[in-house]
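This report walks through one protein chain, moving from its overall build to a few places inside it. Please keep the sequence and the 3D view open while reading.

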Amino acid sequence: MVKIKIDGVEYEVDEKKNLIDATKEVGVEIPYFCYHPALSIVGMCRMCLIEIEGVPRLQAACNTPVKEGMGIITKSDRVIEARAGTMEFLLANHPLDCPVCDKAGECRLQDNAFGSGSGHSRFEFDKRNIPQEEIGTNLIINHNRCIVCYRCVRFEEEKVGQSNLGLFERGNHSIIGLAKSEPIDHNYQGALADICPVGALLNNKTLFKSRVWWYKSHKSVCHGCSTGCNVTTNVRDNKMYRYMVRENYDQGMFFLCDKGRFDLDWMNENRLHSYLEAGNPSTSKEVISKIVDRMKAAKSIAVLGGAHESNETLESLKKGFELVARELGGKSIQWESRVTDAQNKETEQVDFLLTKDNHPNTKGAVDLGITSISGMSGIVNAVKSGAIDLVFVLKESIPEGIDPSKVISFDTNLTEAAKNASLAAPIQIFAESAGSFTNKNGLKQNFEQSMNPIKGLLNSAGVVDLIFQKLTEKVEASVGNR
């Protein structure tokens, strides 16, 4: 930590951080467009101009290292005039189409125009008008809104490892466009739209779906793989609309891949809201009674899955199955949470964020000890031989080689597993309660409840609790006068 002066007031800041981030931590905001904490410094937008004591010219804050005893001025007349000039240039050709722009309400250009702009423009000529283009399988570019901050180009080159985008022409004719003939087809098209500070880059999948001020937002963790990227959920009318990046400076989390960002439809559609028997709707009373009968008659029981559940739900599940096993006279219940090859290996990356393990809480399940010595192959062989004759599957597909008639499925959606299993129980998705996931590095991260479950819908631990209650139910003898 070092001491610096900001507008005459002394603060203690982290010298390892960029000046923009360092001042933000102590409550002083320096406006910017092109700067990003995870990308290289280019100083292209000139929005973050400040005065430095002893230096005659204005300097870009993004390119200024923090030093002991330095003094900076962020609100002088020179700085205010320079920022207003920058905004006037940026808005010269920018269309005033905020009412129809998907970025409205979360646009840095809007924020800086109100905070640092002059409120009027002296540009009297016709604004340039370049047709909108589809430059990716899920990405469009509105050239008229682009302020050439170069964030998208830097992100692709430095993080994705591709060079699909480039800067073409000069001066007033400068545009960001495709540098290749093929459209962008990588796993970070959502991230490109996300880091664009204006509405130039947008995703077709979320285009015109909702206004940002209609969302209810909560802190959460991406469910897509074992990386555990921090996200903000956007919910409207109890439906999950968007995942947006929640930057975590301490853990270096600034981006989100498309697999996690757009894998949301299952939360809103095709939900399993009724108990099933042989794929047909039934009642909780009938299905729970039959599950209890099946467990009493079984020689040995296996539980597969669980790495999609939160740590808190897994702990409750573990205790619940232990109580059930005890009530069944100590009957063996084997649990294996690692149902895929990727879960049994060291973390394998698909790209710089996405891993091959598509479970958000494999590490949490392993740490809790819900694994077996024989592994999945051993359990499948035991089921084939008849040593295990009842299998609970928790939000997973029924493994190949296991007879569906021996399966009881707990699922959030009307999947093939729920349809084919002998009995199925509906459960909550993780976003319908608060909890935590443990990522591939052992980092335990909390998430808030984002959605409300329908009345009566339990989580998987709640279903096991119903089973235990049925097992311990005492039938009272009827008493009457004779």
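Two strands are said to pair if DSSP finds at least two bridges between them. With that rule in hand, strand 12 (residues 230-236) and strand 13 are paired, since six bridges join them and the two run antiparallel. The model in which this pairing appears is a predicted one.

**The chain as a whole**

The protein chain holds 13 helices and 22 strands, and its C-alpha atoms fill a box of roughly 100 × 50 × 50 Å along the principal axes. Of the 482 residues in the chain, 52% are buried. Among contacts between residues at least 6 apart in sequence, 64% join residues that are at least 24 apart.

**An open sheet near the start of the numbering**

Five strands make up an open sheet with mixed pairing, and their order across the sheet is 2-1-5-3-4. Strand 2 (9-13) and strand 4 (59-60) stand at the edges with a single partner strand each, so one side of each has no neighbour in the sheet. Strand 4 is joined by two bridges to strand 3 (residues 49-52), and these strands run antiparallel; within this pair, Leu49 has Ala60 of strand 4 as its bridge partner.

Helix 2 (residues 77-92) lies across strand 3 and strand 5 (71-73), and runs at about 160 degrees to strand 3. An unreviewed UniProt entry carries the annotation "domain: 4Fe-4S His(Cys)3-ligated-type" for residues 78-117. In the model, that span is 60% helix and 0% strand, and its end C-alpha atoms lie 14 Å apart.

**Two hairpins**

Which residue in the turn between strand 12 and strand 13 has a positive phi? The residue is Asp237, with a phi of about 55 degrees, in a hairpin that has two residues between its strands. A second hairpin is formed by strand 8 and strand 9, with six residues between them. The table sets out the two hairpins.

| Hairpin | Bridges | Residues between the strands | Turn residue with positive phi |
|---|---|---|---|
| Strand 8 (residues 165-168) and strand 9 (residues 175-178) | four bridges, antiparallel | six residues | Glu169, about 65 degrees |
| Strand 12 (residues 230-236) and strand 13 | six bridges, antiparallel | two residues | Asp237, about 55 degrees |

In the hairpin of strand 8 and strand 9, Gly166 stands opposite Gly177 of strand 9. In the hairpin of strand 12 and strand 13, the bridge partner of Val235 is Met240 in strand 13. Strand 13 (residues 239-245) is mostly covered, with five of its seven residues buried.

**Empty space in the model**

Rolling a probe the size of a water molecule over the atoms shows where empty space is left. The largest pocket has a volume of about 680 Å³. Of the 26 residues that line this pocket, Glu106, Arg108, Asp194, Met244 and Val245 are the closest to its centre. Helix 3 (108-116), helix 5 (189-195), strand 12 and strand 13 are the elements that give two or more residues to the lining of the largest pocket, and strand 13 supplies the largest share, three residues.

The count of cavities of 30 Å³ or more comes to two, and about 100 Å³ of space lies in the largest cavity. Of the 16 residues lining the largest cavity, the closest to its centre are Cys146, Cys149, Cys152, Cys196 and Leu201. Helix 4 (151-160) and helix 5 each supply at least two residues of the lining of the largest cavity.

**Helix 11 and Leu304**

In helix 11 (residues 375-385), Gly375, Met376, Ile379, Val380, Ala382 and Val383 are buried. Against which strands do the buried residues of helix 11 pack? They pack against strand 16 (301-305), strand 17 (333-336) and strand 18 (390-394). Helix 11 is followed by Gly386, whose phi is positive, near 95 degrees.

Leu304 is found in strand 16. Buried here means under 20% relative accessible area, and Leu304 counts as buried because its relative accessible area is 1%. Leaving aside neighbours within four places in sequence, Leu304 is in contact with ten residues that include Met376, Ile379, Val391 and Val393. Leu304 and Thr232, by contrast, are 72 residues apart in sequence and 30 Å apart in space, C-alpha to C-alpha.

Key. Residues numbered from 1 in each chain as written. Predicted model: local features only at pLDDT ≥ 70, side-chain atom pairs only at ≥ 80, totals over all residues. Heavy atoms only, no water. Contact = heavy atoms within 4.5 Å. Axes fitted to C-alpha atoms, helices over the stretch in contact; angles between N-to-C directions. UniProt positions renumbered as here; feature names shortened; annotations may be inferred. Buried < 20%, exposed > 50% of the residue type's maximum accessible area, 1.4 Å probe, protein only. 1 Å grid on protein atoms, 1.4 Å probe; cavity = no way out; pocket = protein on both sides within 12 Å on 5 of 7 lines; lining within 4 Å. Points joined across faces, edges and corners; volume = space filled by probe spheres on them.
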